[in-house]
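Me: Please take a close look at one part of this structure, namely its salt bridges, and then set that part against the nonpolar interior. I would appreciate a single connected account.

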Amino acid sequence: MKVALIRDEAFFEWLSEQAEQLATGDLSLIADVIRRSAQLHLEHIAMAGDPFEFGSARPLDFGHWAAHRLETLTHNRLRHGEAVAIGIALDTAYSTEAGLLSPAARDRVMDLLRRLGLRLWDPACAPMRPDQRPRLLDGLSEFWEHLGGELTVTLLAGIGKGVEVHEMRD
């Protein structure tokens with residue numbers, strides 16, 4: 001779903017049409033998903049101009065700044081894919097709040113996450129630091145450091161249209 005959201009609207013539509021069967025673990029459909037996802041990842045690596053990710057842009061990390069922090073906050077109770085799903089939900093919601101993504105597109109993303117059996121929230125998202133800033137937002141500064149000092153986060157300008165931003169407001 002991650003790569004469909006940032007690269008391929010038609011793949012997102014297909015996932016949406018097949019969501020109930022995918023959620024049951026239909027292996028033939030899952031094989032199709034893996035093939036298409038691998039193809040999109042390969043196209044990105046081969047065509048994006050930065051195959052070794054020397055720069056700060058890593059669009060395939062969509063949803064990951066929050067995911068990495070959630071894995072830490074839950075002591076890996078949340079598996080990577082579960083944490084990325086929550087990160088996708090957060091970045092999709094933020095994309096709408098930032099005026100990049102329509103509320104209707106946001107709702108479609110959230111609906112597909114739910115229909116695939118993925119959670120949009122975990123109690124680990126709520127704890128606050130003493131200054132009342134959510135601990136989850138520490139993931140942004142950690143991600144910034146991981147990228148070598150320049151924050152570049154992929155958000156959504158539409159389904160299938162990732163866009164890079166260099167700052168995010170708390």
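Reply: Helices here are DSSP runs of H or I with at least four residues, numbered from the N terminus. On that basis D32 and R35 both belong to helix 3, where 3 residues, or about one turn of the helix, separate them. The model is a predicted one.

D32 and R35 form a salt bridge, with 2.8 Å between the closest N and O atoms. In general, side chains of opposite charge can pair when their charged atoms come close. D32 has a relative accessible area of 34% and is partly exposed, whereas R35, at 53%, is exposed.

The count of salt bridges comes to 14. Some of them join into a network that links R69, R129, D131, R133, D138 and D170. Within this network, R129 pairs with D131 at 2.6 Å, N to O. R129 also forms a salt bridge with D138, the closest N and O atoms being 2.8 Å apart. The surroundings of these residues can be described by accessibility: D131 is partly exposed at 47%, and R129 is partly exposed at 24%. D138 has a relative accessible area of 11%; buried means under 20%, so D138 is buried.

The nonpolar interior comes next. The largest nonpolar core contains 47 residues, and L5, W65, L113 and V153 have the most contacts inside it. Contributors of at least two residues each include helix 7 (138-146) and strand 1 (153-158). Helix 5 gives the most, with 7 residues. Beyond its neighbours within four places in sequence, W65 touches D91, L136, L137, G139, L140, F143, V153 and M168.

Helix 5 (residues 80-97) also packs with helix 6 (residues 103-115) at an angle of about 170°, their axes being 9 Å apart. The two helices are therefore roughly antiparallel to each other. Helix 5 contributes A85, I88, A89, T92, A93 and T96 to the contact, and helix 6 contributes P103, R106, V109, M110 and L113. By class, this contact has 8 nonpolar, 2 polar and 1 charged residues.

A final residue to consider is F62, which lies in the loop between helix 3 (27-47) and helix 4 (64-73). F62 has 0% relative accessibility and counts as buried. Apart from neighbours within four places in sequence, its contacts include V84, I88, D91 and T92, as well as L5 and L156. F62 and L156 are 94 residues apart in sequence, yet their C-alpha atoms are 9.1 Å apart in space.

Key
Residues are numbered from 1 along each chain as its sequence is written. This is a predicted model: local features need pLDDT of at least 70, side-chain atom pairs count only at pLDDT 80 or more; totals for chains, interfaces and linings use all residues. Side-chain values use heavy atoms; hydrogens and water are left out. Axes are lines fitted to C-alpha atoms, for helices over the stretch in contact, and angles run from 0 to 180 degrees between N-to-C directions. Angles under 35 degrees count as roughly parallel, over 145 as roughly antiparallel, 65 to 115 as roughly perpendicular and the rest as oblique. Contact means heavy atoms within 4.5 Å. Ala, Val, Leu, Ile, Met, Phe, Trp, Tyr, Cys and Pro count as nonpolar, Asp, Glu, Lys and Arg as charged, and the others, Gly among them, as polar. Buried means under 20% relative accessible area, exposed over 50%, partly exposed in between (1.4 Å probe, protein chains only). A nonpolar core is a set of buried Ala, Val, Leu, Ile, Met, Phe, Trp, Tyr and Cys residues joined through side-chain atoms within 4.5 Å. A salt bridge is a side-chain nitrogen of Lys or Arg within 4 Å of a carboxyl oxygen of Asp or Glu.
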